[in-house]
Amino acid sequence: MPAIAPTSIFDNVTEAPPDKILNLSVMYKADTDATKVDLGVGAYRDNNGKPWVLPAVKEAKRVLSEDPSGNHEYLGVGGVPELTSGAAKLIFGKDSPALADSRVYTIQSISGTGALMVGAQFLAQFKPVKDAPVYISDPTWANHRAIFETAGHTVKTYAYCDFETLTLNINGMIKDLKEATEGSIVILHACAHNPTGIDPTHEQWEQIASVMAERKLIPFFDTAYQGFATGSLDNDAWAIRRFVDYGFEMLVAESFAKNMGLYGERTGCLHTVSNSQEITRRISTQINRVSRATISTASAHGGKIAGTILKDSNLFSQWLEDLKTMSDRIKEMRDGLRTLLEKLGTPGTWNHITDQIGMFSFTGLNATQAEYLKNKYHIYLTDNGRISLAGLNTSNLDYVARAIDDVVRNVPKN
Ligand SMILES: Cc1ncc(COP(=O)(O)O)c(C=O)c1O
């Protein structure tokens, strides 16, 4: 046998940059200080800082555990039928013309990330303009770029946040969309934009739809916070439904991680909308093929839990209450933080904390200030100044407000 060369055939493998959000969570867990606060986590916590199993989920699990026909067989390639049909109604509305005309195909996915990846791979092969880029907002959830680049797309950004005023830079966004190559794919956060918490108004969505129609851009909605943003499932799906009314063909990645608290169960759906039943049928065969090649079949446990909640009217009502519990607590924390900062006279304006919606607030703090909060106060947040309101509770709110007051006064922005 010839001697194996002492150098590795993988010598060309360079170290990948660490995932900032996952890294933050590791640092938080390793911190032994009793006052530590996790404002990096993108998961709901109750007022005791603990993960919350939704009562609707608890009850669905009980129902499933008592079902004598329950088993652990593989799901079909489409996933749990109660989940996919319920999820499509949740997104498009039960009276949606696209659903009535069978122009929607829905497949169960590995949560929102898996839905984005299957959609990204499908588009890499079938996007109408070969080499057209994918546009993501500046800023956005960090995984967007990674997912679409991994699937082979060129990724560009469109303006989104006015970093001075912490409001939507609608003029910049419209300008970038106007200049985008025809056939580009545009990733849009359906509600509760991550990381900024800044959503377009209905009027601004109309402007976005209009320029996208004019430039023949393809919407790919990412909805990870439906019902969590305003507490209303319908309000939070408004933009998607409006784009369907407009006649767009599009994709939607849906996650049940946040709104059902099924983070680790990896439960979600990918929806595609086309303008004919026949095209949707053909798309469904290709989406099934991509999904089969990547995950084979979706994971059953979370899919059955979510499907049980969506099909049972009592469980569905309980879920609506659970959503309200979560969104009300987040709102209370927003109000509380703003009130305390204003009471302390912390330099700057703090209305953006209550103007923004969803789980996150883009505070305007920078990386140096975030580092100071971590080192002096054991408060963990991402270095773009995003905080998760879910990490706040009545026991740590005052501590966090005072820490922010200190950092704003004593650590200049530049
Ligand atoms: C904007 C956005 N999209 C998608 C996801 C996907 O999450 P998951 O794969 O856990 O459903 C997240 C999670 O943080 C998100 O914030």
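Which residue in strand 7 is the bridge partner of Val-134? In this predicted model, the partner is Ile-185. The pairing belongs to a wider contact between two strands. Strand 3 covers residues 134-138 and strand 7 covers residues 185-189. The two run in the parallel sense and are joined over 2 bridges.

Both strands sit in an open sheet of 7 strands. The order across this sheet is 2-10-9-8-7-3-4, and the pairing is mixed. Strand 2 (104-110) and strand 4 (155-159) stand at the edges. Each has a single partner strand, so one side of each is left without a neighbour in the sheet. Neighbouring strands are turned against each other by 25° on average, direction ignored.

Helices lie across this sheet. Helix 6, formed by residues 143-150, lies across strand 3, strand 4, strand 7 and strand 8 (218-223). Against strand 4, helix 6 runs at about 145°. Helix 10, formed by residues 238-246, lies across strand 7, strand 8 and strand 9 (250-255). Its angle to strand 8 is about 155°. Strand 7 and strand 8 are thus crossed by helix 6 and also by helix 10.

The chain as a whole contains 16 helices and 13 strands. Its radius of gyration is 22 Å, close to the 22 Å that the globule rule gives for 414 residues, so the chain is as compact as a globular protein of that length. The C-alpha trace spans about 65 × 60 × 55 Å along its principal axes.

Burial and contacts were examined next. Of the 414 residues, 52% count as buried. Among contacts in the chain with a separation of 6 or more, 77% come from residues 24 or more positions apart. The accessible surface comes to about 19400 Å². Carbon and sulfur atoms account for 52% of that surface.

The chain is divided into two domains. Domain 1 is made of two segments, 20-52 and 327-410. Domain 2 is made of residues 74-311. The C-alpha centres of domain 1 and domain 2 lie 28 Å apart. The domains also touch: 17 residues of domain 1 are in contact with 19 residues of domain 2.

Terms used: Residues numbered from 1 in each chain as written. Predicted model: local features only at pLDDT ≥ 70, side-chain atom pairs only at ≥ 80, totals over all residues. Heavy atoms only, no water. Pairing = 2+ DSSP bridges. Helix = DSSP H or I, 4+ residues; strand = E, 2+ residues; numbered from the N terminus. Axes fitted to C-alpha atoms, helices over the stretch in contact; angles between N-to-C directions. Contact = heavy atoms within 4.5 Å. Rg over C-alpha atoms; globule rule 2.2 N^0.38 Å. Buried < 20%, exposed > 50% of the residue type's maximum accessible area, 1.4 Å probe, protein only. Areas by Shrake-Rupley, 256 points an atom, 1.4 Å probe, with all protein chains shown as cover. Domains from an automatic or database assignment.
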